[in-house]
Amino acid sequence: MISIAATAAHHGPTVLHDDADYRTVARHAPDLDEYGILDHARAGAPRSGLRR
């Protein structure tokens, strides 16, 4: 997880995650852009065609 977060912070992509640890890392690494998929689902946003 740390290597993914460090790579994303260095190269700039957003980390799409289902893990609270990324949010914790992002609080201490301002270069890390993270987006929690569960936050999106809880907000009532329409789901895409993705299936679990």
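In which strand is His-17 found? In this predicted model, His-17 belongs to strand S1. With a relative accessible area of 6%, His-17 is buried, since the cut-off for that label is under 20%. Its side chain comes to 2.9 Å from the backbone oxygen of Asp-19, and a second polar contact, of 2.6 Å, links the side chain of His-17 to that of Glu-34. Beyond residues up to four places away in sequence, His-17 touches Tyr-22, Arg-23, Glu-34, Tyr-35, Gly-36 and Ile-37.

Glu-34, the partner of His-17 in the 2.6 Å contact, is part of strand S2. Is Glu-34 buried or exposed? Its relative accessibility is 18%, so Glu-34 counts as buried. Besides the contact with His-17, the side chain of Glu-34 makes a polar contact of 3.3 Å with the side chain of Arg-23. When neighbours within four places in sequence are set aside, the residues in contact with Glu-34 are Thr-14, Val-15, His-17, Tyr-22, Arg-23 and Ala-26.

Tyr-22 and Ala-26 turn up again when attention moves to helix H2, which spans residues 20-28. Which residues of H2 are buried? They are Tyr-22, Val-25 and Ala-26. Looking down the axis of H2, these buried residues fall within an arc of 100°, so they line one face of the helix. On the other side of H2, the exposed residues are Ala-20, Arg-27 and His-28. The cover over the buried residues of H2 includes helix H1 (2-11), strand S1 (14-17) and strand S2 (33-36). Thus S1, the strand of His-17, and S2, the strand of Glu-34, are both among the elements that cover these buried residues.

The start of H2 brings Asp-19 back into view: one of its side-chain oxygens reaches to within 2.9 Å of the backbone nitrogen of Asp-21. Asp-19 also offers its backbone oxygen to the side chain of His-17, as described above.

Finally, the surface deserves a look. Leu-16, Tyr-35, Ile-37 and Leu-38 form a nonpolar patch there, and together they have about 350 Å² of accessible area. Two members of this patch, Tyr-35 and Ile-37, are also touched by His-17. Ile-37 sits in helix H3, residues 37-42. Its relative accessible area is 36%, and Ile-37 is therefore partly exposed, whereas His-17, which touches Ile-37, is buried.

Methods
Residues are numbered from 1 along each chain as its sequence is written. This is a predicted model: local features need pLDDT of at least 70, side-chain atom pairs count only at pLDDT 80 or more; totals for chains, interfaces and linings use all residues. Side-chain values use heavy atoms; hydrogens and water are left out. Buried means under 20% relative accessible area, exposed over 50%, partly exposed in between (1.4 Å probe, protein chains only). Helices (H or I, at least four residues) and strands (E, at least two) are DSSP runs, numbered from the N terminus. The arc is that of the directions from the helix axis to the C-beta atoms. Contact means heavy atoms within 4.5 Å. A polar contact is a pair of N or O atoms within 3.5 Å; within protein, one must be able to donate a hydrogen and the other to accept it, and residues adjacent in sequence count only if both atoms are side-chain atoms. Patches are made of residues with over 30% relative accessible area and no salt bridge: like charges are joined within 9 Å, nonpolar side chains (Val, Leu, Ile, Met, Phe, Trp, Tyr) within 5 Å. Accessible areas come from the Shrake-Rupley method with a 1.4 Å probe; for residues, only the protein chains shown count as cover. A salt bridge is a side-chain nitrogen of Lys or Arg within 4 Å of a carboxyl oxygen of Asp or Glu.
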